[in-house]
Amino acid sequence: MIAIHARSGSFSDKWIEYCERHRIAYKVVNCYASNIIEEMHPCSGLMWHWKEDDTKALLFARQLTVALEAMGKQVFPGSATIWHYDDKIAQKYLLEALDAPLIPTHLFYDERQAIAWTNTTEFPKVFKLRGGILSENVRIARDKKAAIRFIRKAFGSGYRAKSRVHYLNTRMRRFWREKSLKSFVGIGRGVYRVLFPTAKVASNRSIERNYVYFQDFVPDNDHDIRVVVIGARAFAIKRLVQEGDFRASGSGHIVYDPRQIPEECLKVAFDVTEQLGSQCAAYDFVFGESGPMIVEVSHSFWPAVHRPCPGYWTKELAWVDGTFSFEDFMIEDFVGECTHAREERSA
């Protein structure tokens, strides 16, 4: 029997459907409950789709995962998949250690060293905080003066990790794309949250300071490529850069034509996923003179954005045409992991 933490609108909806369709024994659990370890005793593993904006899950999700693995339980996503999630600093070290094609990244924990570096490098550079989605916490330093401003603040008052203004801007871009009543109402809600933040929202806005993170700016990219690898399968989309911006993430302009996905991105994604030992990995690529370069990697992605993908590639890069369920891929692999672990214990 497997355990599933159910959350409406998450991957768990399809996981539960899959279990019922294939008559796989499962139980719904609450990972936030104090007795979750006790609840897991009769189960072979846990599937839990938690998000980076769930401030409660961020307090303990990684720790619970490691604890369950120490019990001999399988977990999706497991510790090898999530330990670097939404942490660009961790990903810098990890991808450099694997000699993966990461965009050249510059990380400093000393203000004087960071400022001295501005005298020896070329601009523009891209400033980032260690966490953030949909291009949140990503800004351009077009010259040395701008970079020094970022550095001074990073080692001074610091940066709010979660910006209400960023989410308002995201809602406004959505309205200009969709011109719908729903997106217009979203702007009103965004303005209200900027002017009148709730105590809960205000308390969750941590300060990032005492480090500064820059990546090289890669010019002449009007899009990026998102490749998602789940086991021995990959699907991909092309995301166009927002008008008047340099960022593709969160733009909402998606191309699903598989002919526009470079094969080299698929090869790199499969290779790095295998080295990571990751069950699921979503890579963002841009292109430099030497080929595709990884911007960042995540285990989570927006289901609605990727649902229209017209097919997927196998590990041998053979194209499989037709609709598919990536949630089914996840649970198929996970049930296999649980079965293999059970057979190893009984051998």
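Contact here means that heavy atoms lie within 4.5 Å of one another, and the angle between two elements is taken between their N-to-C directions, on a scale from 0 to 180 degrees. Both terms are needed for the packing of helices on sheets in this structure, which is a predicted model.

The chain as a whole provides the setting. It contains 13 helices and 17 strands. Of its 347 residues, 49% are buried. The exposed surface of the chain comes to about 17200 Å², and carbon and sulfur atoms supply 53% of that area. Among contacts between residues at least 6 apart in sequence, 65% join residues at least 24 apart.

Two sheets deserve attention in turn. Strands of a sheet pair through backbone hydrogen bonds, and this pairing may be parallel or antiparallel. The sheet that includes β1 is open, has 4 strands in the order β2-β1-β3-β4, and shows parallel pairing. Its edges are formed by β2 (26–29) and β4 (74–76), each of which pairs on one side only. From one strand to the next, the twist averages 20°. Within this sheet, β1 (residues 2–5) runs parallel to β2 and is joined to it by 4 bridges. One of the residues involved is Ile2, whose bridge partner in β2 is Tyr26.

Helix α13 (residues 326–346) lies across β1, β3 and β4 of this sheet, and its direction is at about 170° to that of β4. The helix has 21 residues and spans 31 Å from its first C-alpha to its last, close to the 30 Å expected at 1.5 Å a residue. Its buried residues are Phe326, Glu327, Asp328, Phe329, Met330, Ile331, Phe334, Cys338 and Ala341.

Cys338 leads from the helix to Ser44, since these two residues are in contact. Ser44 is placed in the loop between α2 (36–40) and β3. With a relative accessible area of 13%, Ser44 falls under the 20% limit and therefore counts as buried. Besides Cys338, and leaving out residues up to four places away in sequence, Ser44 touches Met1, Ile2, Lys73 and Gln74. Ile2 has already appeared as the bridge partner of Tyr26, and Gln74 belongs to the edge strand β4 (74–76).

Helix α2, which precedes that loop, holds Glu39. Is Glu39 buried, partly exposed or exposed? Its relative accessible area is 29%, which lies between the 20% and 50% limits, so Glu39 is partly exposed. The side chain of Glu39 makes a polar contact of 3.0 Å with the side chain of Lys27, a residue within the range of β2 (26–29). Glu39 and Ala3 are 36 residues apart along the chain, yet their C-alpha atoms are separated by 8.8 Å.

On the other side of β3 in sequence, the loop between β3 (45–47) and α3 (55–70) contains His49. Why does His49 count as buried? Its relative accessibility is 6%, under the 20% limit, and His49 is therefore classed as buried. When neighbours within four places in sequence are set aside, His49 is in contact with Arg7, Ser10, Phe11, Trp15 and Ser300. Two of these partners are also linked to His49 through polar atoms: the His49 side chain reaches the backbone nitrogen of Phe11 at 3.0 Å, and a polar contact of 3.2 Å joins the side chains of His49 and Ser300. The C-alpha atoms of His49 and Pro77 are separated by 7.6 Å, although the two residues are 28 residues apart along the chain.

Another sheet is also open and has 4 strands, arranged in the order β5-β10-β6-β7, with antiparallel pairing. Its edge strands are β5 (105–108) and β7 (138–141), and each pairs on one side only. On average, neighbouring strands of this sheet are turned by 30° against each other, direction ignored. Strands β6 (residues 125–128) and β10 (residues 212–216) pair in the antiparallel sense over 4 bridges. In this pairing, Lys125 stands opposite Asp216 of β10.

Helices pack on this sheet as well. Helix α6 (residues 111–118) touches β5, β6 and β10, and its direction makes about 145° with that of β5. Helix α5 (residues 88–97) likewise lies across β5, β6 and β10, running at about 125° to β5.

Methods. Residues are numbered from 1 along each chain as its sequence is written. This is a predicted model: local features need pLDDT of at least 70, side-chain atom pairs count only at pLDDT 80 or more; totals for chains, interfaces and linings use all residues. Side-chain values use heavy atoms; hydrogens and water are left out. Helices (H or I, at least four residues) and strands (E, at least two) are DSSP runs, numbered from the N terminus. Buried means under 20% relative accessible area, exposed over 50%, partly exposed in between (1.4 Å probe, protein chains only). A polar contact is a pair of N or O atoms within 3.5 Å; within protein, one must be able to donate a hydrogen and the other to accept it, and residues adjacent in sequence count only if both atoms are side-chain atoms. Two strands pair if DSSP finds at least two bridges between them. The expected span of a helix is 1.5 Å times one less than its number of residues. Accessible areas come from the Shrake-Rupley method with a 1.4 Å probe; for residues, only the protein chains shown count as cover.
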